Every structure is written in C-alpha cells, then in structure tokens.
Amino acid sequence: MSPLAASWRLILAIRHITTGLRTITKHFPAASQTARDAMVQSWSVELLTILNVDLVVKGDQPPPGLVVANHVSWLDILVMNAAHPVRFLSKSDVKAWPLLGRLIEGSGTLFIERSKRRDAMRVVQTITGYLRDGHRIAVFPEGTTNDGIHVLPFHGNLIQAALDADCAVTPVGIRYVGKATGERSLAPAYIDEDTLLSSVWRTLRAGRLVAEVSVGAAQTANTRDRRQWAHDLREAVIALV
C-alpha cells in the first residue's frame, strides 16, 4: 500500500478509536454484558475493515471458561474480539499505549504487572473469580508476543485459575497471512525493538491481510497438573496455527 493510502487509513483508524472511547464512556455504564459484547464485536470488525484486514474464523464460539492463544501482535485482541468477544488479561504496559491503551482498559481488560512476581498470584485469584461466575477470560500464556512462526512455551501459572475454578480451557490459534499470496505475513508482528507505531505502520503498508482465528476443542484438566496441561494446550495451539 502506498504511504498516502496507508496514512489515510491511519487517520480513519484514529477517528474510529476515538468513537470507541466515546462509546465506552457514554454507553457502557448502563449496558448489560451482552450489549457490551455486541458493541465491542461490531467496533472491532469495523476497525479491521479500516486496517485492511479480513477475518476468517474457524470453529465454534468458546464456552465459558479460560481461552488460551498464541500471541503475535497488538492486533490479536482486536481480532479475537471481532471473532468472539472475550475479556482479556494483558500486560500493564498496554495502558500507556496512545488512545488504544485507554480503549483496552475501558473495555474491561484485566492487567498484570509482569515485573512483580506477587502480582501473578493476585491475577490468578481475580481470574478464578470471573471464571467461577461463568465468564470467558482470554490469556496469552507465552507471556510475550512472538513472530507468529513459532509458539513459545506456555507458562502454567495462569492455567492454575482454570484448575481452581474447575472449568474448561479452549485453545485458539492466531495466524496472519497475505491476501494475495496466502503466505504467512510477519507484518503485524510486534516484537524486539518494534514500537507500536512502527508495527501499525508496517501492517498498513503490507496491503490486504487475512487474520485467521482457529478455535479448538475445549479441554478439562482430567487429573493433569498446570504444567502438563499448559504443555498440552500449547501443542493444541501449535496444531491450530
């Protein structure tokens, strides 16, 4: 995509994000969770269109419980919400992102301070409570973004929440490919020395992309401890990706 066309899409995206912020401020407080999910899904689909990203969803909506996915990009949350709205756990750094940070926080995302080991215990307890109340919570057990080609080992501490809540865990695979080539695209990757703006710009310049969200079968623990279950869930996500 030409720099001019990419710049225009960036302007449209910023305008759409500000519209989302107004929606969260004005309509979320009095809305039911079902209504909020519908607004989030509609808004996410529209932003993907602006960003020139097509969405392909494979599999059924995850049941209530924990959802685990590989983590490639800042786009992942947007893509998963466009497919099946879900409440996320994200690193606290996200709150500092321009505009997007306020939007992600306002939509109900939970945050973890990765630099504080004790914060993981607090987060597990919080997630367990939501899971027991029948919510869907999505986490990225790799703990960081990756290139999308490989899937890093899954940390088992977040899987403990599913054990404590005695709920199912659904694996989800996320993959980005070029529309014209059908080949995996590294453009949306948000790794190493990337800044948010540079990753967004690279994504816009890449031309039309396809975000594939593959939902696997929900699993129960079946006597597995959190480490074994995390390992098996990673294998399931690898197969989906």
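User: How do β6 and β7 pair, parallel or antiparallel, and over how many bridges?
Analyst: In this predicted model, β6 and β7 are paired in the antiparallel sense, and seven bridges connect them. One residue pair to look at is Val177, whose bridge partner in β7 is Val210.

User: And β2 with β6, which way do they run?
Analyst: Strand β2, residues 65-69, and strand β6, residues 169-178, run parallel and are joined by four bridges. Among the residues involved, Val67 has Thr170 as its bridge partner in β6, while Val68 stands opposite Pro171 of that strand.

User: What is the strand order in the sheet?
Analyst: The sheet is open and has seven strands, which follow the order β1-β7-β6-β2-β5-β3-β4 with mixed pairing. Because β1 (53-58) and β4 (110-112) each have a single partner strand, they stand at the edges, and one side of each is left without a neighbour in the sheet. From one strand to the next, the twist averages 25 degrees.

User: Back to β6, how many of its residues are buried?
Analyst: Nine of the 10 residues in β6 are buried, so the strand is mostly covered, taking buried as under 20% relative accessible area.

User: Which strands does helix α3 lie across?
Analyst: Helix α3, made up of residues 75-83, lies across β1, β2, β3 (87-91), β5 (136-139), β6 and β7 (209-215), and the helix runs at about 115 degrees to β6.

User: New topic: how many aromatic pairs turn up in the whole structure?
Analyst: A search of the whole structure gives one aromatic pair. The rings are those of Phe88 and Phe140, with centres 6.0 Å apart and planes at 20 degrees, and since planes under 30 degrees apart count as stacked, this pair is stacked.

User: Where do Phe88 and Phe140 lie?
Analyst: Phe88 belongs to strand β3, whereas Phe140 is in the loop between β5 and α6 (159-165), so the pair ties together parts that are 52 residues apart in sequence.

User: Are those two, Phe88 and Phe140, buried or exposed?
Analyst: Phe88 and Phe140 are both buried.

User: What about Lys95, which ring does its charged end sit over?
Analyst: The charged end of Lys95 is placed over the ring of Phe111, at 5.1 Å from the centre of that ring.

How values were computed:
Residues numbered from 1 in each chain as written. Predicted model: local features only at pLDDT ≥ 70, side-chain atom pairs only at ≥ 80, totals over all residues. Heavy atoms only, no water. Pairing = 2+ DSSP bridges. Helix = DSSP H or I, 4+ residues; strand = E, 2+ residues; numbered from the N terminus. Axes fitted to C-alpha atoms, helices over the stretch in contact; angles between N-to-C directions. Contact = heavy atoms within 4.5 Å. Phe/Tyr/Trp six-rings, centres within 6.5 Å; stacked < 30°, edge-to-face > 60°. Buried < 20%, exposed > 50% of the residue type's maximum accessible area, 1.4 Å probe, protein only. Lys NZ or Arg CZ within 6 Å of the ring centre and 35° of its normal.
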